[in-house]
Amino acid sequence: MNPRSRRRKHTISQLNLMVVGFKALGKTSFIRMLADTLHNRQHDKDELPPAVFEVCQSPEDVGTKELYSFTTEVEEEGEKISLTLVDTPGFVKDNELRLDVQVTEVLRYIEAQFDQTLAEETKVKRNPRAVDSQIHACVYFIDNANNGLSDKDIRILKRITARVNVLPVVAKADLLTTTQLAKLKQAITNDLKTHQIPVFAFTAEDDEDVESEIVEDIEKLQKLLPFSVIAPEDAEITDPSTGQIIRGRQYAWGVIDCLNSKHCDFVVLKNVLMNTHRRLFKAMTLEVFYEQYRTERLLARKASRMISKEQKKKLLDDLSEI
Ligand SMILES: Nc1nc2c(ncn2[C@@H]2O[C@H](COP(=O)(O)OP(=O)(O)O)[C@@H](O)[C@H]2O)c(=O)[nH]1
Ligand SMILES: [Mg+2]
């Protein structure tokens with residue numbers, strides 16, 4: 001056994017993922033599919049938080065009512081991972097003010113995790129077992145009914161990309177034809193570029209944290225972006241060609257297999273999150289997003305101290321004039 005695999009066996013790595021987007025795009029369904037596929041079985045209702053089973057059933061339905069998270073231990077390529085999945089309430093479309101508040105709530109949650117690291121860092125005696133609760137990646141769901149990013153998507157993405165690695169995905173890709181999906185992916189890519197939105201970029205340069213064989217796959221990944229996802233329906237679906245039960249969706253004209261990479265990019269996305277880019281997401285969260293937040297907080301503290309000094313001086317000056 002080489003030293004690396006020995007180290008891997010004994011350490012548990014923490015990974016925290018979040019889903020964000022407008023309501024009824026399949027975020028909660030995605031969380032459930034991820035948990036189910038990682039454990040290779042369908043979870044019963046008493047194994048996961050009840051909210052994971054409360055999917056949005058109609059446009060009037062609120063679906064996920066409040067942000068919740070749960071942690072589950074998984075093993076990927078011989079490595080134990082303590083995975084925390086964070087589900088968020090869907091954004092509303094028809095109330096700009098409420099939408100801004102909802103985005104702020106998501107950002108507050110992400111920043112609260114940074115605050116925990118900050119508090120731990122300033123302790124004289126640090127807890128060696130402190131859990132890393134920072135959000136390492138955020139999957140952002142894009143409505144496939146739009147012709148690219150909506151103005152609201154752009155506003156939301158500009159705010160959240162300042163705090164977290166964001167992976168935009170096309171939601172409910174089963175509702176598009178191959179041509180429509182390709183067009184939408186291109187339109188989203190163009191919009192991201194035009195509006196200079198710094199979503200997570202798959203580049204071959206940072207090969208320090210990405211294993212070498214993966215670098216070759218980067219181009220393939222780039223061509224797929226933004227990934228498309230399809231979540232299964234609750235009903236038991238049988239693949240007509242194999243007779244096996246699959247995670248899928250049944251249509252009059254055929255069956256979709258959510259784990260078939262010809263049908264959608266879920267398996268690729270899962271592999272990126274759980275394996276190939278996991279370490280890079282974590283490193284970037286700590287070195288880029290946390291560092292940025294920490295600097296802002298320290299500057300803000302300094303500024304408030306300076307203001308109070310100035311205010312104090314002004315008060316004394318005013319007093320001496322009386
Ligand atoms: N056609 C289709 N429907 C989906 C997909 N994922 C979820 N749904 C359905 O869309 C509705 C909303 O899903 P939900 O996961 O609650 O969305 P959320 O509000 O974003 O969490 C539910 O009725 C799901 O069954 C998908 O990939 N394709
Ligand atoms: Mg939901």
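**Exercise 1.** Which residues are the protein donors of the magnesium ion (ligand 2)?

*Solution.* The model is predicted. Start at the ion: its protein donors are Thr28 and Thr64, each through OG1, lying 2.0 Å from the metal. Next, place them. Thr28 sits in helix α2 (residues 27-39), while Thr64 is in the loop between α2 and β2 (68-76), so the pair ties together parts 36 residues apart in sequence. Last, check exposure against the 20% limit for buried residues. Thr28 has a relative accessible area of 7% and is buried. Thr64, at 10%, is buried too.

**Exercise 2.** Compare the expected span of helix α3 with the distance between its end C-alpha atoms. Then describe its capping and packing.

*Solution.* Helix α3 covers residues 96-121, which is 26 residues. The rule is 1.5 Å times one less than the number of residues. That gives 38 Å; the end C-alpha atoms are 37 Å apart, which agrees. Now the N-terminal end: Asn95 caps it, with a side-chain oxygen 3.2 Å from the backbone nitrogen of Leu97. Then the buried residues: they include Leu99, Val103, Leu107, Ile110 and Phe114. The buried residues of α3 pack against β1 (12-21), α4 (151-160) and α8 (278-321).

**Exercise 3.** How many residues has the largest nonpolar core, and which have the most contacts inside it?

*Solution.* The core has 80 residues. Those with the most contacts inside it are Leu17, Phe30, Leu83, Phe91, Tyr140, Phe141 and Ile160. Its largest share, seven residues, comes from α3. Take Phe141 further. Beyond its neighbours within four places in sequence, its contacts include Val19, Leu25, Lys27, Phe30, Val169 and Val229.

Methods: Residues numbered from 1 in each chain as written. Chains lettered and ligands numbered in written order. Predicted model: local features only at pLDDT ≥ 70, side-chain atom pairs only at ≥ 80, totals over all residues. Heavy atoms only, no water. Donors = N, O, S within 2.8 Å, 3.2 Å for Na, K, Ca; no water. Helix = DSSP H or I, 4+ residues; strand = E, 2+ residues; numbered from the N terminus. Buried < 20%, exposed > 50% of the residue type's maximum accessible area, 1.4 Å probe, protein only. Contact = heavy atoms within 4.5 Å. Polar contact = N/O pair within 3.5 Å; in protein donor to acceptor, adjacent residues only side chain to side chain. Core = buried A, V, L, I, M, F, W, Y, C linked by side-chain atoms within 4.5 Å.
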